[in-house]
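Trainee: I would like to learn how to read a protein structure. Could you go through it with me, feature by feature?

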Amino acid sequence: LKMKTILIPVLLLLCSGLTVSTNVKVLSTPRSGDKGLDPCVLQCYGSTGYGTTNWRGDKIWAGVEISYKDCGFKNGTMPHITTQLSGDGFIAFTVGGSATYTHYTDESFSVYVQWTSGSLSTSHTTNVLEHARLYNWRIDWVATGYTC
């Protein structure tokens, strides 16, 4: 019983001393005034979800607005965002899945996908929005910014 009484506080003390380090260093930002202190760097990851992405658009394009509000970045700063289009098919015939648009706000950004020229775009039956929904396209993203 004495061993358990001593061991539990020691284990709790050891566990509470553990910290998580990310080793992230920002060399530059999209807007020069957004550079903050390196200890305040935060990486936030998200996905629009397999089969649950709220695509909008038409035959020519499909787009989705993505919120990163819950990441907790400092207001008025623009994090660097990297995106990737993922899903079950036809992704190789698209452009735009890895492009974010510079008009994104402090809380969200948009991604727009369309067919590459000369691929499926010449067919009258290839609707980008239908393919996005049918093949469970999603946007996986990483945002890197500052909390202070």
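Mentor: Let's begin with the cysteines. A disulfide is a pair of cysteine sulfur atoms within 2.5 Å. Numbering the bonded cysteines of the protein chain in sequence order, we get the pairing 1-4, 2-3. Before going on, please note that this is a predicted model, where local features need pLDDT of at least 70 and side-chain atom pairs count only at pLDDT 80 or more, while totals for chains, interfaces and linings use all residues. Residues are numbered from 1 along each chain as its sequence is written, and side-chain values use heavy atoms, with hydrogens and water left out.

Trainee: How many disulfides does a search of the whole structure find?

Mentor: The search finds two. One joins Cys40 to Cys148, with an S to S distance of 1.5 Å. The angle about the S-S bond is -45°, and the link of Cys40 and Cys148 is left-handed. Cys40 lies in the loop between helix H1 (2–16) and E1, and Cys148 in the segment after E7, so the pair ties together parts that are 108 residues apart in sequence. Names such as H1 and E1 come from DSSP runs: helices (H or I, at least four residues) and strands (E, at least two), numbered from the N terminus.

Trainee: And which cysteines form the other disulfide?

Mentor: Cys44 and Cys71 do, with their sulfur atoms 2.1 Å apart. This link is left-handed as well, with -75° about the S-S bond. Cys44 sits in strand E1 and Cys71 in the loop between E3 and E4, so to speak distant parts of the chain, 27 residues apart.

Trainee: Are these cysteines buried or exposed?

Mentor: We use relative accessible area, found with a 1.4 Å probe and protein chains only: buried means under 20%, exposed over 50%, and partly exposed in between. Cys40 is buried at 7%, while Cys148 is partly exposed at 42%. In the other pair, Cys44 is buried at 15% and Cys71 is buried at 13%.

Trainee: Now the strands, please. What holds a sheet together?

Mentor: Strands of a sheet pair through backbone hydrogen bonds, either parallel or antiparallel. Here, two strands count as paired if DSSP finds at least two bridges between them. Three strands form an open sheet in the order E1-E7-E4, with antiparallel pairing. Strand E1 (41–47) and strand E4 (80–86) stand at the edges with a single partner strand each, so one side of each is left without a neighbour in the sheet.

Trainee: Over how many bridges do E1 and E7 pair?

Mentor: Over seven, in the antiparallel sense, and strand E7 covers residues 138–146. For an example to find on screen, Tyr45 stands opposite Val142 in E7.

Trainee: Which strands are joined to E6?

Mentor: Strand E3 (residues 61–67) is joined to E6 by seven bridges, and the two run antiparallel. There, Gly63 stands opposite Tyr112 in E6. Strand E5 (residues 94–95) is joined to E6 by two bridges, again antiparallel, and Thr94 has Trp115 as its bridge partner in E6. Six of the eight residues of strand E6 (residues 108–115) are buried, so this strand is largely enclosed by the rest of the structure.

Trainee: What does Ser108 touch?

Mentor: Contact means heavy atoms within 4.5 Å. Leaving aside neighbours within four places in sequence, Ser108 is in contact with Glu65, Ile66, Ser67 and Tyr68. Ser108 belongs to strand E6 and is buried, at 10% relative accessible area.

Trainee: How do I read a salt bridge?

Mentor: Look for a side-chain nitrogen of Lys or Arg within 4 Å of a carboxyl oxygen of Asp or Glu. The whole structure has one: Arg138 with Asp140, whose closest N and O atoms are 3.1 Å apart. Asp140 is buried, with a relative accessible area of 11%.

Trainee: Finally, what is the sign of phi in most residues?

Mentor: Most residues other than glycine have a negative phi. Phe90 is not a glycine, yet has a positive phi of about 70°. Phe90 is found in the loop between E4 and E5 and is partly exposed, at 30%. Asn136 also has a positive phi, near 55°. Asn136 lies in the loop between helix H2 (128–134) and E7, and counts as buried at 18% relative accessibility.
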